[in-house]
Amino acid sequence: MEENKVIYCKNCGAELDGNAFFCNKCGTPTANSEKITPPAQPETQNIDPNISKKDYMKLCAPASIKKAVRNSAILCYICGGITVLASLLLNPLGIIDGLVFIGLGLGVHLTSSRACAIIALVVAVLEVVLTFVLSGTLTGWLWIIAGISCVIATNKAHKSYKSFKSGLVSNPNLHDFQ
Ligand SMILES: [Zn+2]
């Protein structure tokens, strides 16, 4: 049997639950609330307003955007990897296709480049169309999904980078670095 600890308000003396953060009579913070550390403020003071998109993605971008970019690149690696493996015996040209797609995925991964993403999507569409024309089979939809997700992810990254930069410029407190 564990008994709930009781504390007393340092302002009005009301008896409070041992876990309370505020007095429910007068609202004064209890000793518990002093244990809560405020969320760390991002260190924006030392950020160069001309930060490159690459550095932004590495240092300041929201985790969800980093994840979207990484996941879309991983889809490219998977598509490219499968294509390389499947082509090893049958089709030397397929190896090049696969490597190109892996390379574009790497470009998206490392630089969040929208250009790489758009090229990846174009390559994916060409690949599917070409495969259909040559063999009559409609395959390679995963390439298209990879290409589209690269475009969406790098576009998000770009927008977030732009608004981050304009936020830095419009905040007068951030002009006294260097
Ligand atoms: Zn009180």
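## A word before we start

A residue is called exposed here if 12 or fewer other C-beta atoms lie within 10 Å of its own, and buried if 20 or more do. With that in hand, one helix shows two faces: in α5, Ala115, Val122, Val129, Leu130, Val133 and Leu134 are exposed, and they sit on the other side of the helix from its buried residues. We will come back to this helix below. Please keep in mind that the model is predicted.

## The overall plan

The protein has 178 residues, and 24% of them are buried. Its secondary structure consists of 6 helices and 2 strands. Reading from the N terminus, the order is β-β-α-α-α-α-α-α, with the strands ahead of the helices.

How much of the contact pattern joins residues at least 24 apart? Counting contacts between residues at least 6 apart in sequence, the share is 46%. One pair that is far apart in sequence is Pro62 and Ser160: they are separated by 98 residues along the chain, while their C-alpha atoms are 8.5 Å apart. Pro62 lies in the loop between α2 (53-59) and α3. It counts as exposed because it has 12 C-beta neighbours inside 10 Å.

## Helices α3 and α4

Let us take α3 next. Its 28 residues should span 40 Å at 1.5 Å a residue, and the end C-alpha atoms are 41 Å apart, which agrees. Buried residues in α3 include Ile65, Val69, Ser72, Cys76, Cys79 and Thr83.

Helix α4 follows the expected length in a similar way: 20 residues should span 28 Å, and its end C-alpha atoms are 29 Å apart, which agrees. Among the buried residues of α4 are Asp97, Phe101, Leu104, Val108 and His109.

## The turn into α5

Between α4 (92-111) and α5 there is a loop, and Ser112 is found in it. Just after α4, this serine takes a positive phi of about 50°, a positive value in a residue other than glycine. Is Ser112 buried or exposed? It counts as buried, because it has 31 C-beta neighbours inside 10 Å.

## Helix α5 and its two sides

Helix α5 covers residues 114-135, which makes 22 residues. From first C-alpha to last it reaches 31 Å, close to the 32 Å expected at 1.5 Å a residue. Its buried residues are Cys116, Ala117, Ala120, Leu121, Ala124 and Glu127. They cover an arc of only 140° around the axis, so they lie on the same side of α5. Just after the helix comes Gly136, with a positive phi of about 75°.

## The nonpolar core

Which residues have the most contacts inside the largest nonpolar core? They are Val69, Cys76, Val108, Ala120, Ala146, Cys150 and Ala157, in a core of 23 residues. The elements that give two or more residues to this core are α3 (63-90), α4, α5 and α6 (141-170). Of these, α3 gives the most, with 7 residues. As background, nonpolar side chains tend to be buried together in soluble globular proteins.

Cys150 is a good place to look at this core in the 3D view. Leaving aside neighbours within four places in sequence, Cys150 is in contact with Ser72, Cys76, Val108, Ala117, Ala120 and Leu121. Several of these names have come up already: Ser72 and Cys76 are buried residues of α3, Val108 is a buried residue of α4, and Ala117, Ala120 and Leu121 are buried residues of α5.

Notes:
Residues numbered from 1 in each chain as written. Predicted model: local features only at pLDDT ≥ 70, side-chain atom pairs only at ≥ 80, totals over all residues. Helix = DSSP H or I, 4+ residues; strand = E, 2+ residues; numbered from the N terminus. Contact = placed C-beta atoms within 7 Å. Expected span 1.5 Å × (residues − 1). Arc of directions from axis to C-beta. Core = buried A, V, L, I, M, F, W, Y, C linked by C-beta atoms within 7 Å.
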